[in-house]
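Please open the structure in the viewer and keep the selection tool at hand. The tour below proceeds from the whole chain to single side chains.

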Amino acid sequence: WSEPHAVTTEAGDVLVVTMEQSRYVRCYIREASTGGWSVEQVHDLGAAATIETCPTIAILPSGRVLVVFWVQVGSKLQLRQCYSDDDGTTWSLGNAALLSTPLSSSTYDPQRLRLAVRADGQALLVGWMVISGTLDDVLLQWASSDLACTFTLVDEQTGADGTQGGAYPDV
């Protein structure tokens, strides 16, 4: 598993999203009623990824489950969103391009991504990146007012200490 992230549904099921085999974003579901586990494919990148997808998961006030993760498109990094309306059993592509301005893959190396959604549907997304070719940390924060369909960059903090140990965000 790479960078697992978990949420609990209203029914008490635990959903754990992760990247596997450098290609698949998957959701593991532990059903509260049976204690059993199942696994569902959220997204297939189509080929082995050259970056960490850093999937993150959140539940909208409506109960819709969102998974947001990085994809590399040419020389750009873009955020993609998939959703489930049945507590993770089936998944659909929601938006293939959450950022109006993608990031350069030659500048940033994704490390971690975390999503939080408020009761009013506003969303916060925090990404820990490393400047490519260095050990310098960067924290990027995006906000959304459309139920996590698009995000706008609101803050960037750079820690040029060369340790790659100054960030491990959660929201």
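**The whole chain**

Of the 171 residues in the protein, 43% are buried, where buried means under 20% relative accessible area, exposed means over 50%, and partly exposed lies in between (1.4 Å probe, protein chains only). This is a predicted model, in which local features need pLDDT of at least 70, side-chain atom pairs count only at pLDDT 80 or more, and totals for chains, interfaces and linings use all residues. Residues are numbered from 1 along each chain as its sequence is written, and side-chain values use heavy atoms, with hydrogens and water left out.

Display the chain as a cartoon. It shows 13 strands and zero helices; helices (H or I, at least four residues) and strands (E, at least two) are DSSP runs, numbered from the N terminus. The C-alpha trace spans about 50 × 35 × 30 Å along its principal axes.

**The nonpolar cores**

Next, select Trp-70, Trp-142 and Phe-151. These residues have the most contacts inside the largest nonpolar core, which has 23 residues. A nonpolar core is a set of buried Ala, Val, Leu, Ile, Met, Phe, Trp, Tyr and Cys residues joined through side-chain atoms within 4.5 Å. Colour strands E6 (65-73), E7 (76-84), E10 (108-117), E11 (123-131) and E12 to see the elements that give two or more residues to this core. Then select Val-17, Cys-27, Val-67 and Val-71, which are among the 14 residues of another core, apart from the largest. In soluble globular proteins, nonpolar side chains tend to be buried together.

**A buried aspartate**

Move to Asp-137, in strand E12 (residues 137-144). Which side chain of opposite charge is nearest to Asp-137? It is that of Arg-112, 11 Å away; Asp-137 is buried yet has no salt bridge. For charge, Lys and Arg count as positive and Asp and Glu as negative, while His and the chain ends are not counted. A salt bridge requires a side-chain nitrogen of Lys or Arg within 4 Å of a carboxyl oxygen of Asp or Glu. Now add Trp-128, whose side chain is joined to that of Asp-137 by a polar contact of 2.8 Å. A polar contact is a pair of N or O atoms within 3.5 Å; within protein, one must be able to donate a hydrogen and the other to accept it, and residues adjacent in sequence count only if both atoms are side-chain atoms.

**The cysteines**

Finally, select Cys-54, Cys-82 and Cys-149. The structure holds zero disulfides, a disulfide being a pair of cysteine sulfur atoms within 2.5 Å. The closest cysteine sulfur to that of Cys-54 is in Cys-82, at 15 Å, too far for a bond. Cys-149 is likewise in no disulfide, with the sulfur of Cys-82 the nearest at 12 Å.
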